[in-house]
Amino acid sequence: MIVERLKIEGFRNYKSSEALFSDNINVIIGGNAQGKTNLIEAVYYLTCGRSFRARSDKELINFDCDGAKIEAQIFSGERSQTITAELSKLRKKRLIVNGSKLKTASELSGRLTAVLFCPDDLTIIRSSSMYRRRLMDNCLSQLRPKYAAALSEYRRLYEQKSRILKDKDPSMAVILDEYSQRMCEVSAVLISFRAKFAKILAEKAKEIHREFSGGNEELDIFYKTVKTIDDPMKKPSELMPCLLEHQLSHRQAEIDSCRCLSGAHKDDLEIFINGTDAKSFASQGQTRTAAISLKMAEREIHFEDRGEYPVLLLDDVLSELDAKRQDFILNRISSGQVLITCCEDQSISAKTGGKLITIDSGKVLG
Ligand code: ATP
Ligand code: MG
């Protein structure tokens, strides 16, 4: 999977710019606030039709423009393809692949695949469960269109049900139960996918972490979901009774607290290093090693599934790591395309031997 060319107009601090990438390592350099992360964000947007950091698409449109356009020419599955996203302050966004307009963002699934590793991810082990769910969601959404569609429906249901709960309108009781029922159905789909994904992720990350720690550490990952589910590997139809039971037992608590308390949105990955809960006890170094192992495992999962490596987006993360950890990542990425951003750190540029792309005030200088 290669992004050959990226054109961006009216996106973040870019008015109009174009970048040509090499098939291997690309080092994107520039001072602070020049637009390095924005460039990574533009590439990432085309994988799933969302930003990894903005709350809404409107934030992505340049302050002085009414709309933005991101267009990438990619090489995947032995052919060139064009993916375009058009964002507007006034209209709904348009996503276009090879000239055909997509009906939903979930149809982008599998077109351009990427694994993003950013400074936030260095704390994925110790931070809130949101980061670990995001890891599962990002990877599965890119590889499984059905998952992408289910996740986007779940997010919509969650928002609408939360609004109904906050409104506290008794006449909405029937509708509330309809939402809860549908959230159970969609949760069952998400949980079934996540359980299988977590099992493979655990195996791969364990192997990588063991190698990375020189055989000194064992990383174990377990998928944690709704309490009433005894075996999340079951089919969605078999998970349904357990989800309905949990939902029913939390119905009154949801009404009292005005919050959704039951469903796949509370899932997590429990992580242990040498049998100890990493969330509470991992050291800085262990946390970083485990985070890298997870990201590298994610990349391997893409490769096994698709037969080609996803684009690896390393935003500002290499410079945060010591030489040993930098080398571990760089040795593992001998194939596949990589976009690395860093703040004019010559040592990283020299170490990777990649193509240098300089960014200055929202312009790609080449
Ligand atoms: P750093 O090295 O500090 O991470 P960076 O080069 O990665 O810097 P970016 O995050 O890409 O910086 O942001 C570059 C600039 O883009 C910031 O100054 C930010 O304020 C600006 N910016 C963000 N959104 C918009 C927008 N919608 N319109 C115009 N400018 C924006
Ligand atoms: Mg940045």
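**Exercise 1. Compare the expected and actual span of helix 5 (residues 236-249), and find which of its residues are buried.**

Solution. The 14 residues of helix 5 should span 20 Å at 1.5 Å a residue, and because its end C-alpha atoms are 20 Å apart, the model agrees with that expectation. The expected span is 1.5 Å times one less than the number of residues, and helices (H or I, at least four residues) and strands (E, at least two) are DSSP runs numbered from the N terminus. The model is predicted, so local features need pLDDT of at least 70 and side-chain atom pairs count only at pLDDT 80 or more, whereas totals for chains, interfaces and linings use all residues. Residues are numbered from 1 along each chain as its sequence is written, chains are lettered from A and ligands numbered from 1 in the order in which they are written, and side-chain values use heavy atoms, with hydrogens and water left out.

Next, take burial, where buried means under 20% relative accessible area, exposed over 50% and partly exposed in between (1.4 Å probe, protein chains only). The buried residues in helix 5 are L239, M240, C242, L243, H246 and Q247. An α-helix has 3.6 residues a turn, so residues three or four places apart point the same way. The buried residues of helix 5 pack against helix 3 (145-167), helix 4 (173-212) and helix 6 (251-257), with contact meaning heavy atoms within 4.5 Å.

**Exercise 2. State how many cavities of 30 Å³ or more the structure holds, and describe their linings.**

Solution. On a 1 Å grid over the protein atoms alone, a cavity is a set of points where a 1.4 Å probe fits but cannot get out, a pocket is an open set with protein on both sides within 12 Å along at least five of seven lines, and lining residues have an atom within 4 Å of a point. Grid points are joined across faces, edges and corners, and a volume is the space filled by probe spheres set on the points. The structure holds 2 such cavities of 30 Å³ or more.

The largest cavity has a volume of about 100 Å³, and its lining includes Y44, D121, K295 and E298. Helix 2 (129-143) is one of the elements that supply at least two lining residues, and helix 2 gives the largest share, 5 residues. By class, this lining divides into 6 nonpolar, 2 polar and 4 charged residues, where Ala, Val, Leu, Ile, Met, Phe, Trp, Tyr, Cys and Pro count as nonpolar, Asp, Glu, Lys and Arg as charged, and the others, Gly among them, as polar.

The second largest cavity holds about 30 Å³ of space, and L243 and Q247, which are buried in helix 5, are among the residues that line this cavity. Helix 4 gives the most to its lining, with 4 residues, and the lining has 3 nonpolar, 5 polar and no charged residues.

**Exercise 3. Count the disulfides, and decide whether C139 and C342 are buried or exposed.**

Solution. With a disulfide taken as a pair of cysteine sulfur atoms within 2.5 Å, the count comes to 0. For C139, the nearest cysteine sulfur is that of C48, 12 Å away, and C139 is buried, with a relative accessible area of 0%. For C342, the nearest cysteine sulfur, that of C343, is 7.6 Å away, and C342 counts as buried at 0% relative accessibility.
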